[in-house]
Amino acid sequence: MHVRHLTLKDFRSYPTAELALTPGVTTLVGLNGQGKTNLVEAIGYLATLGSHRVATDQPLVRFGAEQAIVRGAVVRDGRETMVELEITPGRANRARLGRAPVARPRDVLGTVRTVLFAPEDLALVKGDPSERRRFLDELLVQRQPRWSGVRSDYDKIVRQRGALLKSAAPLFRTRGGKRAGRHTPRPGEPPTDEARDAALHTLDVWDSHLATVGAQLLYARLRLLRDLVPDLAQCYDAVSASAANARAVYRSSLHDEVAARIADGDVPEVEQLREAILHTLEQVRDREIERGVCLVGPHRDDLVLSLGELPAKGYASHGESWSFALGLKLAAYRLLRRDLGDDPVLILDDVFAELDVGRRERLGELIADCEQVLITAAVGADVPEQLRESGTTYAVELGHVGAPLPASPPSSPNAVFEVERGGAPVSSLNTREFDSELDEPEPADD
Amino acid sequence: MYEGAVQDLIDELGRLPGVGPKSAQRIAFHLLQADPDDVKRLVEALTEVKQRVRFCQTCGNVAEAEQCRICADARRDRTSICVVEEPKDVVAIERTREFKGRYHVLGGAISPIDGIGPEDLRMTELMSRLASGEVTEIIIATDPNLEGEATASYLARLLRPMGLRVTRLASGLPVGGDLEYADEVTLGRAFEGRRLIDV
Ligand SMILES: Nc1ncnc2c1ncn2[C@@H]1O[C@H](COP(=O)(O)OP(=O)(O)O)[C@@H](O)[C@H]1O
Ligand SMILES: [Mg+2]
Ligand SMILES: [Zn+2]
């Protein structure tokens with residue numbers, strides 16, 4: 001697939017923006033802070049409903065504006081689809097597919113698929129387990145959008161169960177006298193046995209929810225990883241010109257026996273995983289109550305990355321860490337391409353500057369046959385010449401994308417950005433009024 | 001900020017569920033410009049509802065007497081009870097005309113995040129309704145979302161040992177939704193296809 005056109009309104013630094021894109025390689029060149037990443041971030045948002053840079057929506061909306069709009073025209077198998085997202089912090093975001101509004105934004109997942117690689121991805125190797133879990137789960141959703149619902153159910157169960165562990169901890173810890181009629185004890189009174197039983201039964205209920213949904217999520221992650229691992233080793237070696245045996249092993253929070261099977265690459269059945277979660281929950285119940293935290297389940301798992309015999313985290317050199325992060329992303333690209341019979345959009349945000357010349361050249365060769373590649377760079381010369389020559393290069397300056405730079409043949413007419421600075425609009429070539437395809441926001445559901 | 005009376009009205013409206021500051025303002029100015037008779041009817045309806053309507057002592061549904069219309073109706077089947085979260089769910093199910101028994105309104109669902117546990121729901125009242133042994137079937141029609149499911153499982157665990165037939169409205173209801181928004185046909189079908197609940 002490829003993105004043919006991107007429209008922004010009040011997204012990051014852009015009051016409005018229209019950007020025409022073509023298949024092949026597009027390179028956006030400009031000094032830091034000019035708005036290159038903002039553009040590719042918007043495309044990434046269409047694919048994942050999230051940013052690769054920030055965890056909340058607020059920074060995505062232009063400072064002072066209430067709402068951002070991102071609209072993309074995507075072409076797949078010669079058919080074009082319009083997808084539009086309305087980002088309103090503090091309120092439910094809304095989405096539209098073609099002309100029709102969808103019930104929930106996540107219903108548009110799968111329309112745009114991207115694999116985005118950015119300096120932030122170094123955290124895949126050096127950062128917390130949550131970074132690696134997010135990598136797996138985002139890939140899961142890109143592969144099969146229905147996992148988005150399972151993921152959000154699971155997160156909610158963990159939050160509900162955590163809240164219960166915290167609030168009911170005093171009930172679980174003490175053993176009180178029996179009092180009929182009223183269940184909730186007054187402050188200072190010992191809890192009744194009924195209150196304790198009720199809390200324990202409620203915990204059982206959330207345990208069973210956690211096990212059911214957690215087992216599905218875990219199973220899906222393990223299947224995904226099984227498919228990803230062979231590509232990972234190949235991609236790592238291809239970018240680094242080595243035979244390093246890059247591996248990724250799933251570390252589960254389940255009890256030892258099952259965790260060992262999983263670490264060996266085995267994928268147990270969903271029902272077995274469900275039982276294992278319940279069993280482990282039983283084992284750790286006292287500790288969970290003591291700490292008031294949910295200690296078992298996919299939200300506590302990790303992906304252990306290693307090179308040969310050594311773990312990557314703490315051992316890999318800077319260059320090796322980059323190759324590893326890149327290897328994971330390229331493997332994800334291959335997996336999606338193979339699975340869906342269609343190329344996702346590959347986005348390389350500010351990465352060439354981080355790689356040595358050899359890695360740059362090899363990466364350039366590896367991605368030469370991708371349907372669409374969007375590259376940002378502060379210095380054009382960091383991007384291998386064959387890539388730039390095969391495609392189009394634009395200069396981005398203070399949110400203004402200029403005409404294609406010489407040396408690359410102009411493709412379709414590129415759009416122009418209108419930028420406001422200090423309140424006064426900077427004039428630009430054919431500035432176009434943005435007109436939203438979404439209805440005016442309904443004031444009643446504020 | 002507006003002058004006294006207008007701002008008071010906006011503040012009061014803004015406290016209603018689902019009404020944000022902007023809507024509150026819109027409604028307030030709508031009322032300011034509305035026909036005095038229309039506003040009078042609204043005021044009367046509000047006063048009336050507070051004076052006459054209360055909650056049914058048996059089932060927790062809205063009622064104009066000690067018992068609601070459904071509990072007071074001798075033709076309703078006394079052996080089966082449908083458990084719902086809110087009075088509005090009773091209305092939704094009544095529209096399907098599939099159910100001939102009586103209801104029990106819990107007043108919410110289990111949600112630790114919101115500090116709502118079983119003791120905050122009308123579960124003890126349900127248990128005392130079952131004491132006579134007249135009721136043999138319980139249909140759990142809590143919302144098809146996580147909290148509704150948790151409440152259903154909790155109830156099922158509680159009720160099963162009592163030898164009752166406990167069923168859950170069949171899925172087919174949109175997951176993650178609100179019962180009241182399910183259309184009649186879907187909800188009716190869910191009633192026909194209700195399943196015994198596993199706990
Ligand atoms: N919500 C926002 N509102 C206004 N400006 C923003 C917002 N978020 C980021 N910016 C501006 O965008 C610029 C960064 O753009 P970015 O695309 O990251 O630059 P680069 O070209 O280096 O990739 C910064 O100058 C920043 O101030
Ligand atoms: Mg950047
Ligand atoms: Zn009643």
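How many residues does the contact take from chain B and from chain A? It takes 18 residues from chain B and 22 residues from chain A, where two residues are in contact if their C-beta atoms, placed from the backbone, lie within 7 Å.

The model is predicted: local features need pLDDT of at least 70, side-chain atom pairs count only at pLDDT 80 or more, and totals for chains, interfaces and linings use all residues. Residues are numbered from 1 along each chain as its sequence is written, while chains are lettered from A and ligands numbered from 1 in the order in which they are written.

On the side of chain B that touches chain A, helix 2 (21-33) and helix 7 (146-159) of chain B each supply at least two residues. Helix 7 of chain B gives the largest share, 6 residues. Helices (H or I, at least four residues) and strands (E, at least two) are DSSP runs, numbered from the N terminus.

Chain A contains 10 helices and 17 strands. Of its 446 residues, 45% are buried; a residue is buried if 20 or more other C-beta atoms, placed from the backbone, lie within 10 Å of its own. Among contacts in chain A between residues at least 6 apart in sequence, 67% join residues at least 24 apart.

Most residues other than glycine have a negative phi. Two residues of chain A with a positive phi are listed below.

| Residue | Phi | Place in chain A | Other C-beta atoms within 10 Å |
|---|---|---|---|
| A:Asp10 | near 55° | strand 1 (residues 2-11) | 22, buried |
| A:Leu49 | about 60° | loop between helix 1 (36-48) and strand 4 (68-76) | 20, buried |

Definitions and conventions: Buried ≥ 20, exposed ≤ 12 C-beta atoms within 10 Å, placed from the backbone.
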